[in-house]
Amino acid sequence: MSEKVLMKGNEAIAEAAVIAGCRHYFGYPITPQTEIPEYMSKRMPQVGGVFLQAESEIAAINMVYGAAGAGARVMTSSSSPGISLKQEGISYIAGAELPCLIVNIMRGGPGLGGIQPAQSDYFQATKGGGHGDYHTIVLAPNSVQEMADFTMLGFSLADQYRNPVMLLGDGVIGQMMEPVEIKENNTKPVEKPWAAVGMHGRTKPNIISSLYLKAKELEEHNNRLQKKYALIRENEMRWEEIYTKDAKLILVAYGITARIAQSAVDKARENGKKVGLLRPISLWPFPEPPFSRLAKTAKAFLTLELSAGQMIEDVRLAIHDAKPVYFYGRTGGMIMTPTEIYQEVTRILDGKEGK
């Protein structure tokens, strides 16, 4: 696909996965991401791939484990409560150091909640929703174009680090339609000598497992994982800054909320208010460097989330409580507006003026 076409965010993810070389998809329908398995059910047979609607989310993530262990480029997708059901499998995949892409198009919670958009899975995604000291790389797109681009990036990072990658979207971007260009895949196939694909002349078989019954061996495995996570932190932090150099107030938002926040920033600038936007793109590893830098020049931060407040904890940690961090959020599928954000910006700046 070399020209821009109008696609839903969910469809862009699916087509980008195909172009990126994904040939195995296992999933289960749930709103608002069902267009992904629907699309993959049509495309996988066309490219000689495998589509399978599993009997449950738990079955789907364990199929991902098996395909990844055999060296396949594999993906699954779901929405919030479906991802909750996959958590044990995600922990197994991280422990076995298997590359895969996991897509979460978030909806409101807790529990079954509703089918409207939300961002209340931040803790689940970034802190490790399953057991053990593991991390998934988490990428947060804010447009249909980034849905496609980050899908391709996600597969590359998964193979590079032998680690699951999560694409953390929301119901707005998953369902909205925008022009998108899905570029050709320029990444080279990654050699996977560790994969369980038969002996091929080796004297010992490859064994894929996350089970270590001896405490010392499990500690050594965990230490090795932590070294890998430190390398990911060093190399894979991603963010975007808009009008931050002279900003007194820094808005912090990701996903669809960042786009809404940018409209509020533009309005603030038109009215002479020095407001900027810092958008984390990698939610894990969280991009701490720009926060440390901006904490030296800005007077305050305002974290905006479609949740009761989750990313705000990472913002506070990143600036080491050097400046006040305010919060504004909506829940239950309610979407904040640029006007609401601008009013909050005005209130904060009015309170800070002269201090």
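**Reading a predicted model by its definitions**

Guide: Proline 32 is found in the loop between β2 (24–27) and α2 (35–46), and the model in which we look at this residue is a predicted one.

Visitor: What kind of peptide bond joins threonine 31 and proline 32, and what is omega there?

Guide: The bond that joins threonine 31 and proline 32 is cis, with omega about 10 degrees. A second cis bond runs from tryptophan 284 to proline 285, where omega is near 5 degrees, and proline 285 has its place in the loop between β12 (282–284) and α10 (288–294). Such bonds are worth pointing out because most peptide bonds are trans.

Visitor: What is the phi of tyrosine 243, and where is this residue found?

Guide: Tyrosine 243, although not a glycine, has a positive phi of about 55 degrees, and this residue is found in the loop between β9 (239–242) and β10 (249–252). Aspartate 321, in the loop between α11 (311–319) and β14 (325–329), also has a positive phi, near 55 degrees. The sign is noted because most residues other than glycine have a negative phi.

Visitor: How do you know whether tyrosine 243 and aspartate 321 are buried or exposed?

Guide: Exposed requires a relative accessible area over 50% and buried one under 20%. Tyrosine 243, with 45%, falls in between and is therefore called partly exposed, whereas aspartate 321, with 59%, passes the upper cut-off and is therefore exposed.

Visitor: Why is glutamine 87 called buried?

Guide: Glutamine 87, which is found in helix α4, has a relative accessible area of 8%, and because buried means under 20%, this residue is buried. Leaving aside residues up to four places away in sequence, glutamine 87 touches Gln124, Gly129, Gly130 and Tyr134.

Visitor: What makes the pair of side chains of glutamine 87 and tyrosine 134 a polar contact?

Guide: The side chains of glutamine 87 and tyrosine 134 are joined at 3.4 Å, and because a polar contact asks for N or O atoms within 3.5 Å, one able to donate a hydrogen and the other to accept it, the pair is counted as one.

Visitor: How many cavities are there by this rule, and which residues line the largest?

Guide: The count comes to 1 cavity of 30 Å³ or more, and the space in the largest cavity is about 40 Å³. It is called a cavity because a 1.4 Å probe fits there but cannot get out. Its lining includes Gln87, Gln124, Gly129 and Tyr134, and α4 (80–95) and α5 (122–126) are the elements that give two or more residues to it. The lining divides into 4 nonpolar, 5 polar and no charged residues.

Visitor: What is the volume of the largest pocket, and which residues are the closest to its centre?

Guide: The volume of the largest pocket is about 300 Å³, and of its 14 lining residues, Ser91, His131, Gly132, Ser210 and Leu218 are the closest to the centre. The elements that give two or more residues to this lining are α4 and α8 (215–235), and α8 gives the most, with 4 residues. Here the lining holds 6 nonpolar, 7 polar and 1 charged residues.

Visitor: How do you know that strand β1 and β8 pair?

Guide: Pairing needs at least two bridges, and strand β1 (residues 5–8) and β8 have 4, so they pair, in the antiparallel sense. Valine 5 has valine 180 in β8 as its bridge partner, and valine 180 lies with Glu178 on the covered face of β8, while Met177 and Pro179 form the uncovered one.

Methods
Residues numbered from 1 in each chain as written. Predicted model: local features only at pLDDT ≥ 70, side-chain atom pairs only at ≥ 80, totals over all residues. Heavy atoms only, no water. 1 Å grid on protein atoms, 1.4 Å probe; cavity = no way out; pocket = protein on both sides within 12 Å on 5 of 7 lines; lining within 4 Å. Points joined across faces, edges and corners; volume = space filled by probe spheres on them. Nonpolar A, V, L, I, M, F, W, Y, C, P; charged D, E, K, R; others polar. Buried < 20%, exposed > 50% of the residue type's maximum accessible area, 1.4 Å probe, protein only. Contact = heavy atoms within 4.5 Å.
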